[in-house]
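Visitor: I'd like to learn how to read a fold from the model in front of me. Could you walk me through it, one feature at a time?

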Amino acid sequence: MALDQSFVGRTYPPTPPYEVGREKIREFAEAIGDANPAYTDTEAAKALGHSDVIAPPTFVFAITFKAAGAVIEDPQLGLDYSRVVHGDQKFAYTRPVRAGDRLSVTSTIEAIKSLAGNDILDIRGEVHDGSGEHVVTAWTKLVSRAPEGA
């Protein structure tokens, strides 16, 4: 069953703040194999003009995807998550994520499309720090595959 188009534009409440820690940034950088010293060495980050270590660009995916859970789990939307695959991801930064940031995400359904029986859901996550400053916008595209034989 196709997702309800009337959900386009629906915005979900902001998430509680997520505090970005140096150790989480280091672990993430190691996990993706990126040895950029700005991710692990405060002095290297400061030499580049940052106040503390910064996170790799894809670090915020974990935060924004968790926030998108409010959309995914909305019973009124009716998304069958067992049929979902991740279709695309992109980010537009105002500034890098830094250790010590307290980030909140507000998720909005930007588009719903049906194509060949598949539902395509575009979710925009606006990430702000504790002072309300915009940090990054993340777009997540989810594809809910059509049931077999549909």
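Guide: We'll go through the sheet, a helix, a loop residue and then the empty spaces. Keep in mind that this is a predicted model.

Visitor: Let's start with the sheet. How many strands does the open sheet have, and in what order?

Guide: The general idea is that strands of a sheet pair through backbone hydrogen bonds, either parallel or antiparallel. Here, the open sheet has 5 strands in the order 1-3-4-5-2, and the pairing is antiparallel.

Visitor: Why is one side of strand 1 and of strand 2 left without a neighbour in the sheet?

Guide: Strand 1 (18-19) and strand 2 (84-93) stand at the edges with a single partner strand each, so one side of each has no neighbour in the sheet. For strand 1, the antiparallel pairing with strand 3 runs over 2 bridges. Look for Glu19, which sits opposite Arg102 in strand 3.

Visitor: How many bridges join strand 3 to strand 4?

Guide: Strand 3 (residues 102-115) is joined to strand 4 by 11 bridges, and the two run antiparallel. You can check the register by following the bridge partners: Leu115 goes with Asn118 in strand 4, and Ser114 goes with Asp119.

Visitor: What links those two strands, strand 3 and strand 4?

Guide: They make a hairpin, with 2 residues between them. While you're there, check the backbone of Ala116 in the turn: its phi is positive, about 55°.

Visitor: Now the helices. Which strands does helix 3 lie across?

Guide: Helix 3 lies across strand 1, strand 2, strand 3, strand 4 and strand 5. Relative to strand 3, helix 3 runs at about 55°.

Visitor: I'd also like to try a loop residue. Where does Glu133 lie, and what does it touch?

Guide: Glu133 is in the loop between strand 4 and strand 5. Leaving out residues up to four places away in sequence, Glu133 touches Arg95, Val127 and His128.

Visitor: How would you class the exposure of Glu133?

Guide: The partly exposed class runs between 20% and 50% relative accessible area. Glu133 has 35%, so it counts as partly exposed. For a sense of scale, Glu133 and Pro56 are 77 residues apart in sequence and 19 Å apart in space, C-alpha to C-alpha.

Visitor: On to the empty spaces. What lines the largest pocket?

Guide: A pocket is open, whereas a probe that fits in a cavity cannot get out. The largest pocket holds about 230 Å³ of space. Its lining includes Pro16, Tyr18, Phe28, Phe59, Ile63, Lys66 and Val105. By class, that lining has 9 nonpolar, 1 polar and 2 charged residues.

Visitor: Which helices supply at least two residues each to that pocket lining?

Guide: Helix 1 (22-32) and helix 3 (61-72) do. Helix 3 gives the most, with 4 residues.

Visitor: And how many cavities of 30 Å³ or more are there?

Guide: The count is 1. The largest cavity has a volume of about 40 Å³, and among the residues lining it are Thr64, Ala68, Ser107, Arg124 and Thr140. Helix 3, strand 4 (118-128) and strand 5 (134-144) each supply at least two residues. Strand 4 has the largest share, 3 residues.

Visitor: What is the mix of classes in that cavity lining?

Guide: The largest cavity is lined by 3 nonpolar, 4 polar and 1 charged residues.

How values were computed:
Residues numbered from 1 in each chain as written. Predicted model: local features only at pLDDT ≥ 70, side-chain atom pairs only at ≥ 80, totals over all residues. Heavy atoms only, no water. 1 Å grid on protein atoms, 1.4 Å probe; cavity = no way out; pocket = protein on both sides within 12 Å on 5 of 7 lines; lining within 4 Å. Points joined across faces, edges and corners; volume = space filled by probe spheres on them. Nonpolar A, V, L, I, M, F, W, Y, C, P; charged D, E, K, R; others polar. Pairing = 2+ DSSP bridges. Contact = heavy atoms within 4.5 Å. Axes fitted to C-alpha atoms, helices over the stretch in contact; angles between N-to-C directions. Buried < 20%, exposed > 50% of the residue type's maximum accessible area, 1.4 Å probe, protein only.
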